[in-house]
Amino acid sequence: MGPYLEDGAAAGGEHINLGARITESILKSPASGGGIDWKVMDEKEAKEELGEGKLYGALVVPADFSSSATALTGTAATQSTGTWARPTLTVLTNRSAGSMGSSRARAATTQAAESASLQVGEELTARNAAGQAKLPVAARVLLADPAAVTVLDGHPLDPHSGLGLTAFYYALVLVVCGMLSANVISGQVDHALGYTHNDMGPLHLHRPLVRATRVQALVIGSTVVIGLSLLMGTLVMAGAIGIMGMHAAHLPPLWLYSVCAIAVCGIGALTLLAVFGTPGMLVVTLVFIGMAVPTAGATTPIEALPGFYRLLAEFEPLRQITGGLRSILYYDAQADAGLTRGW
């Protein structure tokens, strides 16, 4: 999460920068060591990283924060109008990077903003100690907690983006399609080669044995998976977008990525089945689903997982496929937003 820096202001013949002090106190606070990593950056950098899913949120300190805060100590305006222009601290969320990560970032940044307001209030109250008695009660209360904290969406999503979860569920469907197609094709290839029989209702079918190695059977099955992935990728897109109304602006790269994801997962599953035989489906389920879902970074941020799961996340297919789909669905198919790693 990144707070922006502001320029400071002159007060009582002294140049003060309340934004810099707020930033420094946040970086030194105990919350910084509790799974929250703060980065200080300017507005352009923060917007770019929010738009690439690299930030879960941000705390914005505007350029006029110091001048707006110090202006509250002036008694003329406060007593004549009874209104005050409060300085604003803005909390930016980023649901596209993960709903739970964004929620945790919102809670941390909101708490930091509220603490920063109280810190600024202490300094303003100390600077205006001599004039406290002349100020109205409302003004004294305002000086003690001067900043208004607002929450905005740092990277707005289309309403049909499932609060930033469509990429994960779409990726899960692709992985399951690859797994199931591999399981069916593996059995059908073995039947076609005569290694197993095939029961269809009352029919018991068995073909003549064709001598083929497991590697040859794997090549045959992989070829069939590649062809089948073209159909399945198209059907998944048609169902998700055409029937269920999922938002997707970049259809050609989404289709190509979907087809390739199904093909890769199918070939990977066929490889495990070739190595482990019939029990291989348990290994496939464990690798592609059991260990993959917790490490996908969709519900729980990768950074919040135990070390073992963070290690799994480096190679688990679901995490990489989800990252590529987020780039296509939420970040205009930017390579730096996870598409390169996904490929």
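## Helices α8 and α9

In this predicted model, the axis of helix α8, which spans residues 214-243, comes within 7 Å of the axis of helix α9, residues 251-276, and the two axes cross at roughly 145°. The crossing in which α8 passes α9 is right-handed. The residues that make up this contact divide into 16 nonpolar, eight polar and one charged.

S222 gives a view of helix α8 at the level of a single residue, since the place of this serine is within that helix. With a relative accessible area of 12%, S222 falls under the 20% limit and is therefore buried. Leaving out residues up to four places away in sequence, S222 touches I267 and L270.

## The largest nonpolar core

The largest nonpolar core has 46 residues, and the members that touch the most others are Y170, L174, L254, V284, F288, I321 and L325. At least two residues of this core are supplied by each of the helices α7 (166-192), α8, α9, α10 (280-290) and α12 (317-330). Helix α7 provides the largest share, with eleven residues. In soluble globular proteins, nonpolar side chains tend to be buried together.

What does L254 contact once its neighbours within four places in sequence are set aside? The residues in contact with L254 are Y170, M237, I241, M246, A248, L325, I328 and L329. Among these partners, Y170 and L325 are, like L254 itself, in the group of core residues that touch the most other members.

T166 is placed in helix α7, and at 14% relative accessibility this threonine counts as buried, because the limit for burial is under 20%. Apart from residues up to four places away in sequence, T166 touches H160, S161, M246, L329 and Y330. M246 and L329 thus appear both among the contacts of T166 and among those of L254.

## A second core and helix α5

Separate from the largest core there is a second core of 19 residues, which includes V61, F65, A108 and A113. A108 is found in helix α5, which covers residues 99-127, and its relative accessible area of 16% places this alanine in the buried class. The C-alpha atom of A108 is separated by 9.3 Å from that of G57, although the two residues are 51 residues apart along the chain.

## An aromatic pair

The structure holds four aromatic pairs. One of them is formed by F308 and Y309, whose ring centres are 5.5 Å apart and whose planes stand at 70°, so the pair is edge-to-face, the cut-off for that class being over 60 degrees. Are the two partners of this pair buried, partly exposed or exposed? F308 counts as exposed, at 53% relative accessibility, whereas Y309, with a relative accessible area of 31%, is partly exposed.

## Loop residues

Two loop residues have a positive phi without being glycine. L163 has a phi near 55° and lies in the loop between β5 (148-153) and α7; at 54% relative accessibility, this leucine counts as exposed. D332, for which phi is about 55° and likewise positive, is found in the loop between α12 and α13 (339-342), and with a relative accessible area of 57% this aspartate is exposed.

A85 is placed in the loop between α4 (75-81) and β4 (88-93), and its relative accessible area of 62% makes this alanine exposed. From C-alpha to C-alpha, A85 and P146 are 9.5 Å apart in space, while in sequence they are 61 residues apart.

## The chain as a whole

The protein chain contains 13 helices and seven strands. Of its 343 residues, 45% count as buried. Among the contacts in the chain with a separation of 6 or more, 69% are accounted for by residues that lie 24 or more positions apart.

Note on methods
Residues numbered from 1 in each chain as written. Predicted model: local features only at pLDDT ≥ 70, side-chain atom pairs only at ≥ 80, totals over all residues. Heavy atoms only, no water. Axes fitted to C-alpha atoms, helices over the stretch in contact; angles between N-to-C directions. Helix = DSSP H or I, 4+ residues; strand = E, 2+ residues; numbered from the N terminus. Left-handed = near helix turned anticlockwise from the far one by under 90°. Nonpolar A, V, L, I, M, F, W, Y, C, P; charged D, E, K, R; others polar. Core = buried A, V, L, I, M, F, W, Y, C linked by side-chain atoms within 4.5 Å. Buried < 20%, exposed > 50% of the residue type's maximum accessible area, 1.4 Å probe, protein only. Contact = heavy atoms within 4.5 Å. Phe/Tyr/Trp six-rings, centres within 6.5 Å; stacked < 30°, edge-to-face > 60°.
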